[in-house]
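User: I should like to work through this model by question and answer, with the reasoning set out at each step. Please keep each reply brief.

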Amino acid sequence: QELVGAADHAPGTLLGGGGQAAGHGAPALAGALAAAARHDAFNLVALPALLGVVAAGNHRHVLAGAALYFLVDSLWVLLEPRSVRSPGTILQHHAVVGGLLLAPALLPELLPFVSRALAVEVNTFFLIARRSCHKNRAPWPLRHTCSTLFYLSWVAVRLVYYPLLTAQLVRAWQARTGEVGTPWNLVLIGPAGLAVLNLLNFKWTVDLVRSKLRKGRKEDQY
C-alpha cells in the first residue's frame, strides 16, 4: 500500500489502515484492518454520491455536499483514527479544504471552483477501489482496471489539472484585487489553499514513487 495521503482523502483521501496497531498483537491489528475496511466502504459509497451531485451542476448543492462529506469524514477519522494510516495528515488536509470552502460560501461567483476542485475525488475513488480490489482478491481484470485508472487520474488531476486550476484562481484573485484595491481579500483563500494542496500532491507523489522503487528493489532480491 503506497503512502499517498489525500487519497486517504485522499485526499483526500486514503491510506491503508492498520499500520499503527501492528506492534500491539494480532487482535489490535485485526481491529485496525476492520476499521480501515469500514472507512473504505463508506468512501466507496460517499464519493460517487458526491461526484453525482457535482455532475448535476447545482453549485450550491455541490458546496453543501462537499461540506457535509468532509465534516463526516473528519469526524470519522477523529473518532476512529486507526481507520487510516496517517490521521493527522488527513485531518490537516480536511482543515485546508474546510478553509477553502469559506470563500465560495461568502462569494457566490467562486462556487464553480468547488465543482472543479472536486474532480480530485475521482482519483480518490480509484485509489480506494484499487486497494479494496487487492485486499479482497478481486479478479485480475478489475484490479488492473482500477490500478490503471488510479495512476492515470493521479497524473491528470493532481499533477496537471490542479496547478492549472490554481492558476485560474490566481487570476480570479487578481481581478478581485483590482476591484477592491487590496490583495488582502477573501478570494486569496482560493489560490493559497490550493497551493497547499499542490504541495501535498507533490509530497504524496514523491512518497508513491519511493514506495514503488522500494518494492522493485525487494523483488529484484529474489
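User: How many salt bridges does the structure hold?

Analyst: The model is a predicted one. A salt bridge is counted when a side-chain nitrogen of Lys or Arg lies within 4 Å of a carboxyl oxygen of Asp or Glu. On that criterion, the number of salt bridges in the structure is six.

User: Which residue forms a salt bridge with Lys 135, and how many residues apart are the two?

Analyst: The closest N and O atoms of the pair are 3.9 Å apart, and the partner of Lys 135 is Asp 40. Lys 135 belongs to helix H5 and Asp 40 to helix H1, which covers residues 26-56. The pair therefore links distant parts of the chain, and the separation of Asp 40 and Lys 135 is 95 residues.

User: Is Asp 40 buried or exposed?

Analyst: Its partner Lys 135 has 35% relative accessibility and counts as partly exposed. For Asp 40 the value is 4%. Because buried means under 20% relative accessible area, Asp 40 counts as buried.

User: Which residues are linked with Asp 40 in a network of salt bridges?

Analyst: Asp 40 and Lys 135 form a salt bridge. The network that contains this pair also takes in an arginine, Arg 131. The residues linked with Asp 40 are thus Arg 131 and Lys 135.

User: Where do Arg 176 and Glu 109 lie, and how many residues apart in sequence are the parts that the pair ties together?

Analyst: The side chains of Arg 176 and Glu 109 meet in a salt bridge, at 3.6 Å from N to O. Arg 176 lies in helix H6, whereas Glu 109 is in the loop between H3 and H4, so the pair ties together parts of the chain whose separation in sequence is 67 residues.

User: What is the relative accessibility of Glu 109?

Analyst: Arg 176 is partly exposed, with a relative accessible area of 23%. Glu 109 also counts as partly exposed. Its relative accessibility is 46%.

User: Which helix holds both Glu 179 and Arg 176?

Analyst: The side chains of Glu 179 and Arg 176 meet in a salt bridge with an N to O distance of 3.4 Å. Glu 179 counts as exposed, at 60% relative accessibility. The two residues are three positions apart, about one turn of the helix, and both lie in helix H6.

User: How many helices and how many strands does the chain have?

Analyst: Read along the sequence, the chain follows the pattern α-α-α-α-α-α-α. The counts are accordingly seven helices and zero strands.

User: How much space lies in the largest cavity?

Analyst: Rolling a probe the size of a water molecule over the atoms shows where empty space is left. The largest cavity is lined by 25 residues, and those nearest its centre are Leu 100, Ala 117, Tyr 162, Leu 194 and Leu 197. The space in this cavity is about 310 Å³.

User: Which element gives the most to the lining of the largest cavity?

Analyst: Several elements give two or more residues to this lining, among them helix H2 (59-79), helix H3 (87-106), helix H6 (140-180) and helix H7 (189-220). By class, the lining has 20 nonpolar, three polar and two charged residues. The element that gives the most, with six residues, is H3.

User: What is the area of the nonpolar surface patch made by Leu 71, Leu 75, Leu 78 and Leu 79?

Analyst: Leu 79, a member of the patch, has its place in helix H2. At 75% relative accessibility, Leu 79 counts as exposed. The patch made by the four leucines has an area of about 450 Å².

User: How far apart in space are Ala 105 and Leu 63?

Analyst: Ala 105 is found in helix H3 and is partly exposed, with a relative accessible area of 47%. In sequence, Ala 105 and Leu 63 are 42 residues apart. From C-alpha to C-alpha, their distance in space is 7.5 Å.

User: Is Cys 146 buried or exposed?

Analyst: Cys 146 is found in helix H6. Its C-alpha is 7.7 Å from that of Leu 127, although the two are 19 residues apart in sequence. With a relative accessibility of 7%, Cys 146 counts as buried.

User: What share of the 222 residues in the chain do buried residues make up?

Analyst: The chain exposes about 11,100 Å², and carbon and sulfur atoms supply 69% of that area. Among the 222 residues of the chain, the buried share is 44%.

Notes
Residues are numbered from 1 along each chain as its sequence is written. This is a predicted model: local features need pLDDT of at least 70, side-chain atom pairs count only at pLDDT 80 or more; totals for chains, interfaces and linings use all residues. Side-chain values use heavy atoms; hydrogens and water are left out. On a 1 Å grid over the protein atoms alone, a cavity is a set of points where a 1.4 Å probe fits but cannot get out, and a pocket is an open set with protein on both sides within 12 Å along at least five of seven lines; lining residues have an atom within 4 Å of a point. Grid points are joined across faces, edges and corners, and a volume is the space filled by probe spheres set on the points. Helices (H or I, at least four residues) and strands (E, at least two) are DSSP runs, numbered from the N terminus. Ala, Val, Leu, Ile, Met, Phe, Trp, Tyr, Cys and Pro count as nonpolar, Asp, Glu, Lys and Arg as charged, and the others, Gly among them, as polar. Buried means under 20% relative accessible area, exposed over 50%, partly exposed in between (1.4 Å probe, protein chains only). Accessible areas come from the Shrake-Rupley method with a 1.4 Å probe; for residues, only the protein chains shown count as cover. Patches are made of residues with over 30% relative accessible area and no salt bridge: like charges are joined within 9 Å, nonpolar side chains (Val, Leu, Ile, Met, Phe, Trp, Tyr) within 5 Å.
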